[in-house]
Structures are given as C-alpha cells and as structure tokens.
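Please walk me through this protein model, starting with how its strands are arranged and ending with a few residues whose backbone deserves a second look.

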Amino acid sequence: TMVSHAVPSVGDHPLLGIGSDIRTIFTAPSAAALQKAMGFGEVSLLNPILVHCKTSGKPFYSIIHRVTGSLIIDFEPVNPHEVPMTAAGALQSYKLAAKAITRLQALPSGSVKRLCDTMVQEVFELTGYDRVMVYKFHDDDHGEVFSEITKPALEPYVGLHYPATDIPQAARFLFMKNKVRMICDCLANHVKVVQDDNLTFDLTLCGSTLRAPHSCHLQYMENMNSIASLVMSVVVNEGDEDVPDSSSGPNKRERLWGLVVCHNTSPRFVPFPLRYACEFLAQVFAVHVTKELEWENQLLEKSILRTQTLLCDLLLRSTPLGIVSGSPNLMDLVRCDGAVLLHKNTKYRLGLTPTDFQIRDIVSWLDEYHRDSTGLSTDSLYDAGFPGALALGNAVCGMTAARVTDKDWLFWFRSHTAGEVRWSGAKHEPGEKDDGRKMHPRSSFKAFLEVVKTRSLPWRDYEMDAIHSLQLILRNASRENDEKDSEGREIQARLNELQIDGVKEIEAVTSEMVRLIETASVPIFAVDLDGLVNGWNTKIADLTGLGVDEAIGSHFLALVEDSSADTVSKMLELALQGKEEQNVQFETKTHGQRSESGPIILIVNACASRDVQENVVGVCFIAHDITTQKSMMDKFTRIEGDYRSIIQNPNPLIPPIFGTDE
C-alpha cells in the first residue's frame with residue numbers, strides 16, 4: 001500500500017509502486033532502523049524514527065503503528081529550522097511540556113474552571129494556535145465551550161453550547177482511541193491512497209496522523225472560519241459504584257469528559273515531538289480533572305451524610321407533624337422554596353406553596369394519572385402535563401411529591417429558575433436542504449439565546465434518595481400508629497362491653513386493665529404518692545433487666561440515671577399536683593445482663609391516678625423506647641463531625657482517605 005508522491009525527493013527519482021522495497025529510498029542507517037523497528041512488539045513506543053531520503057538527504061519522521069495484519073508508517077517532513085529528534089523522543093517531548101505540567105500540578109484543588117483556564121493558557125503558549133478551548137460534554141452529550149483563550153480580534157466562543165450531533169458517536173469513539181488529532185489545512189487537496197488488489201482485507205487509517213478528514217467535517221471547519229485544528233482528548237476514569245473497591249484499574253471506567261480544541265485561521269502543521277508533548281500534557285490534565293470530579297463527589301457524600309442525620313432527627317419526632325414544626329423541618333431536607341405536609345385532610349405549609357385549591361387539584365391529578373406510583377418528581381409541572389401549571393406562575397414550577405398513605409402526601413416545590421442557554425447557531429437554518437447524496441454540516445454559527453421557561457432547577461439523585469428515605473420512615477410510622485390506634489380501640493371496646501355493677505364488676509374491670517397493662521407492647525410503670533414503684537409491666541422489666549418483684553417498692557428516682565434525676569423529680573412533682581407532662585425524655589438504669597448495654601432512653605407521658613373523690617393517689621407512666629433511634633442519630637452526628645474535621649483540615653500531610661463499613 002502506498003500514497004502517491006508522499007515522499008518528495010530531488011535528483012534521481014526512484015520508481016515506486018506496489019511491491020517496492022521501502023528501504024531502497026532511504027539511507028542504509030535509516031533502512032536498518034526501520035527494519036529493526038518492524039520486529040519490535042510495541043512499535044509505537046519507538047516513535048518517531050528519524051530517517052533520511054537517499055537521493056535528497058532530507059530528514060523525515062517515520063511514525064509507525066500496528067493494525068490488523070500490517071504496519072502503517074506515516075512519513076512527516078522535518079522542518080529544516082528544527083533540530084531533529086533522536087531516539088530519546090519521549091524525553092524531549094516531556095521537556096517541551098514540563099513547564100505546563102508544573103503549573104497544572106501547582107494549582108490548588110477545588111476549581112475545575114481555574115484548572116481549565118490554566119490548561120488553555122499553557123496550550124496556547126505551547127502550540128501558537130489562534131484559539132484554544134476546553135470543550136466540555138454535558139450529561140445529554142451536547143457540548144459547551146467551558147474555557148477559552150484567543151488572539152486579539154477573534155470572536156469569543158466561551159459559554160456557547162453545541163448540539164450533540166456536531167460530534168457524532170463514531171468521532172467520539174476515535175477520540176477515545178487516538179488522543180491527539182491534527183488537521184493541517186482543511187482546504188488542501190486530498191491524496192489518493194493506492195491499495196494492492198491482492199490484499200484480502202481493507203486497510204484502516206484510523207490511527208494515521210496524515211489521513212484525510214471526512215468531507216463533512218472539513219466543510220464544518222470552513223464554515224467556522226477554521227483552516228487548521230489540533231484536538232486533544234480528555235479521558236477521565238470513573239469508579240464503578242457497584243464494586244466495593246473501585247480504586248484500582250480493573251474497576252475503572254473510561255469516559256470522554258471533553259476535548260482541548262485548537263483552531264487556526266491559516267494552515268498550521270505541528271511536528272510530532274510537539275504533538276506528543278500535547279498528548280502527555282492532556283493526560284496530566286485529565287488526571288487533575290478526575291481528582292476534581294472525585295472532590296465534588298466527596299462534597300456530595302458529605303451532603304448525603306448531613307441529610308441522613310436530619311432523617312434520624314425527624315424519625316425521633318413523636319408525630320408526623322414534627323417534620324413541619326421546629327427545626328429541622330421538611331425544607332431543611334432538600335433545597336426548595338416551599339413544602340407541604342397533607343395529613344388527615346389538613347395542609348401544613350412551609351415557605352412558598354400553592355393555594356389549598358391548587359394543592360387539591362395536584363392531588364386529584366396525581367391520583368388520576370399516577371395512581372400506581374409512590375410519587376412524582378419533575379422540574380416542570382407544565383412539561384409533566386399538569387393542567388393548572390400555567391396558573392401557578394413562576395412561583396411553582398418544579399415539584400416532588402411522595403405518597404405516605406392513600407390520603408397523606410409530602411410535597412416539595414421549587415420556583416422558576418432564569419435559565420438561559422446560548423447556542424452556537426440554530427439547529428436548522430431556514431432555506432437549508434440536504435441534496436440527499438451527502439451529509440452537510442450547519443452553515444450558521446451565529447449565537448442565539450434560548451430562554452428556559454416554566455422550569456426549576458433539576459432534582460438531584462441524592463436529594464431524591466433523601467426524600468424516599470423520609471417517605472419510608474413516615475410510612476412505617478404511620479403503619480405503627482394505625483396498629484396502636486387499633487389496639488387502643490380494641491381496649492376501649494372491651495371496656496365498654498364490661499358492665500360495671502358493684503364491687504365484682506369493678507374488680508373484673510380492674511383485673512382486665514391489669515392484664516392489658518401487663519401484656520402491653522410498650523413500657524408502663526406506676527408510682528404512689530411517695531414515689532415508690534407500685535406498677536411494673538413485663539415490657540419495662542425486659543428492657544431494664546429488673547424484675548417485677550425487685551422493682552416493686554423501690555423509689556423510682558433510684559432506678560433512673562443520675563443525669564435524669566432532676567427531670568424525673570420535676571415531672572413526678574407536677575404529676576402529683578395533677579399537671580401531666582407529655583413527651584419527657586429521660587434515661588433509666590439497666591440491671592443484670594442488660595447492664596452491659598448501657599441505659600435505656602425513654603420518651604414518657606405522665607398520667608395522674610385518681611380515686612373516686614378525684615384525689616391524686618399516684619402517677620402512671622406510659623413510655624416509648626427510643627434507645628435504638630437515639631443511638632443511630634448520635635452515630636450519624638459523630639460521623640458527620642469526624643468527616644468534617646478531616647475533610648476541612650488544611651494539613652497537607654493528611655494521606656489519601658478511604659472508608660469501610662463495620
């Protein structure tokens with residue numbers, strides 16, 4: 001295979017054709033170097049190989065790469081004003097990029113924008129192109145000029161967005177394989193490639209530097225007034241979240257994060273040593289981009305940890321109404337402008353929310369069109385199909401709804417965001433038509449502004465995880481409350497069935513009440529006027545490890561922790577006066593084998609016991625064990641504090657951080 005007039009010469013012109021020995025047109029040392037390289041396994045590591053034409057003596061860089069069944073050699077002329085590279089090419093290329101690499105490594109972390117601005121400045125100085133840009137791909141594959149530097153009088157592109165179709169998937173695949181791509185002159189005539197008819201396969205020139213670009217891309221460049229270009233791939237490594245240890249190579253996934261793009265308004269050729277230096281620089285830049293992305297992920301994990309701590313605090317609230325009263329509340333869970341709890345047909349509002357009538361319409365719409373789902377999340381109620389979206393105005397555009405029960409809902413609302421996207425050229429220009437025979441690029445790159453209306457900021461994945469967690473917690477709490485209400489109704493029904501008639505009936509009622517208290521699933525205990533325990537059910541005995549016989553007759557203050565003695569003493573004093581306190585938290589001591597697990601934390605309601613003359617004769621306490629929930633909340637709080645102190649510590653000696661579970 002050969003390319004016609006690819007190797008210029010003067011004087012005696014050797015006849016080249018299919019089957020010619022390539023070594024005959026170079027000097028003996030050059031031919032020997034080529035022969036030796038062809039027997040080397042990783043032949044690309046030897047690039048470039050300096051060779052000299054036998055007839056003219058002109059130097060060339062031979063750049064070799066291996067494809068299926070053959071070797072492809074590009075011969076690039078060496079600029080006579082430059083000192084040709086020797087075999088130590090990689091070292092020479094590193095020296096060219098050393099200053100730029102040093103500057104990148106000296107940058108403080110925490111800003112992708114600063115990193116990109118430094119990169120374009122260094123490539124601009126290194127290559128001499130008229131324009132250098134960092135082109136970043138978004139999640140939907142469309143691109144944005146994220147950072148830029150140009151020579152004077154050139155129109156800036158920074159901030160412009162380009163459709164995903166401007167760089168097709170096939171081109172992105174090639175950028176993953178070939179990290180640097182150069183086009184010297186988009187107006188140059190193509191040179192025909194001649195292939196031996198006896199070859200049993202078609203050669204691919206995808207890895208060849210000198211291959212001609214697609215005609216569509218050349219027209220695209222000409223439309224942008226860019227005659228020459230140099231493009232470097234920015235490939236980042238991402239860990240697989242499903243794999244426990246994603247810090248090592250096998251679990252890493254490569255992704256094309258963006259491109260470093262150089263444009264020139266006149267033809268420009270970059271020699272191989274400088275291209276190799278640019279490739280090395282782009283790899284270092286990609287490593288730093290990966291670190292910045294990892295830093296952002298760490299901040300995200302910190303936010304998730306904070307959210308989980310809030311969830312634990314919300315869990316300790318006695319009723320669902322606790323999440324709308326006090327602090328933290330629903331609006332602290334995720335970033336929003338308003339929140340609503342719809343509980344037992346009553347609406348509890350926080351911040352900026354729709355009216356009662358509008359909330360009723362939203363619930364009806366969800367019941368009709370999203371009956372089978374547990375909720376809905378959207379950044380645009382208008383796009384989601386809610387009929388009353390326009391009536392809500394800019395105050396409410398985005399919404400997340402979570403169904404707790406058939407009639408209870410949680411809502412978070414977000415207002416309109418003044419989103420603007422500056423596109424580089426309309427996707428379809430009036431009057432432009434394809435001729436049906438070949439592809440045509442866009443001819444217009446005039447910037448136009450697309451204003452994003454009726455839309456809020458999108459809901460992030462970690463925010464939705466926090467909302468779903470709260471939804472599950474409230475569902476479980478609602479189910480438990482329903483069970484307790486059912487048990488209470490059962491007790492009341494059984495009491496109503498008992499006809500109190502004389503002492504025997506009273507004794508029967510008393511015996512039934514004692515039995516219900518003894519077998520209740522919550523801790524219940526009682527004291528007399530002197531504070532001595534005269535009631536101690538099975539549940540409180542199991543929790544504390546103190547049996548009924550041991551507890552009866554003991555002073556109640558001796559059974560609580562010293563830190564809770566004042567709280568219990570005050571509650572007992574008020575209860576004996578007929579003032580019944582609710583939701584009082586204190587800790588009780590544990591005994592026997594239970595003592596190793598530490599004190600029990602209770603939320604207690606006091607109920608004064610009265611005789612037939614309505615005199616207070618004692619106090620009954622109905623409690624709820626929150627030891628496990630309190631431990632969970634304290635654990636998350638400690639983790640959050642430790643995490644913050646480590647992450648925010650400026651000490652450069654802190655080693656890389658990783659975590660494991662228990």
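What follows is a tour of a predicted model, taken one region at a time.

A good place to begin is an open sheet of three strands, which are ordered S2-S3-S4 and paired in the antiparallel sense. Strand S2, residues 49–52, and strand S4, residues 70–77, stand at the edges with a single partner strand each, and therefore one side of each has no neighbour in the sheet. From one strand to the next, the twist averages 35 degrees. The antiparallel pairing of S2 with strand S3, which covers residues 59–67, rests on four bridges, and in one of the details of this region His52 has Pro59 of S3 as its bridge partner. Across S2, S3 and S4 lies helix H1, made of residues 28–38, and the helix runs at about 145 degrees to S2.

Further along the chain, strand S16 offers a view of a covered element. The strand spans residues 409–414, and six of its six residues are buried. In a regular strand the side chains alternate between the two faces of the sheet. In S16 both faces are covered, with Trp409, Phe411 and Phe413 buried on one side and Leu410, Trp412 and Arg414 buried on the other.

The partners of this strand can be described in turn. Strand S15, residues 398–403, runs antiparallel to S16 and is joined to it by six bridges, with Arg403 standing opposite Trp409; these two strands form a hairpin that has five residues between them. S16 also pairs with S12, again in the antiparallel sense, over five bridges, and here Ala339 is the residue that stands opposite Trp412.

The last stop concerns the backbone in two loops. Most residues other than glycine have a negative phi. Against that background, Ala153 has a positive phi, near 80 degrees, although Ala153 is not a glycine. Ala153 is placed in the loop that lies between strand S6, residues 143–150, and strand S7, residues 161–162. Is Ala153 buried or exposed? With a relative accessible area of 87%, Ala153 is exposed, because exposed refers to values over 50%.

Asn345 likewise has a positive phi, of about 65 degrees, without being a glycine. Asn345 sits in the loop between strand S12, residues 338–343, and strand S13, residues 346–351, and its relative accessible area of 61% makes Asn345 exposed.

Definitions and conventions: Residues numbered from 1 in each chain as written. Predicted model: local features only at pLDDT ≥ 70, side-chain atom pairs only at ≥ 80, totals over all residues. Heavy atoms only, no water. Pairing = 2+ DSSP bridges. Axes fitted to C-alpha atoms, helices over the stretch in contact; angles between N-to-C directions. Contact = heavy atoms within 4.5 Å. Buried < 20%, exposed > 50% of the residue type's maximum accessible area, 1.4 Å probe, protein only.
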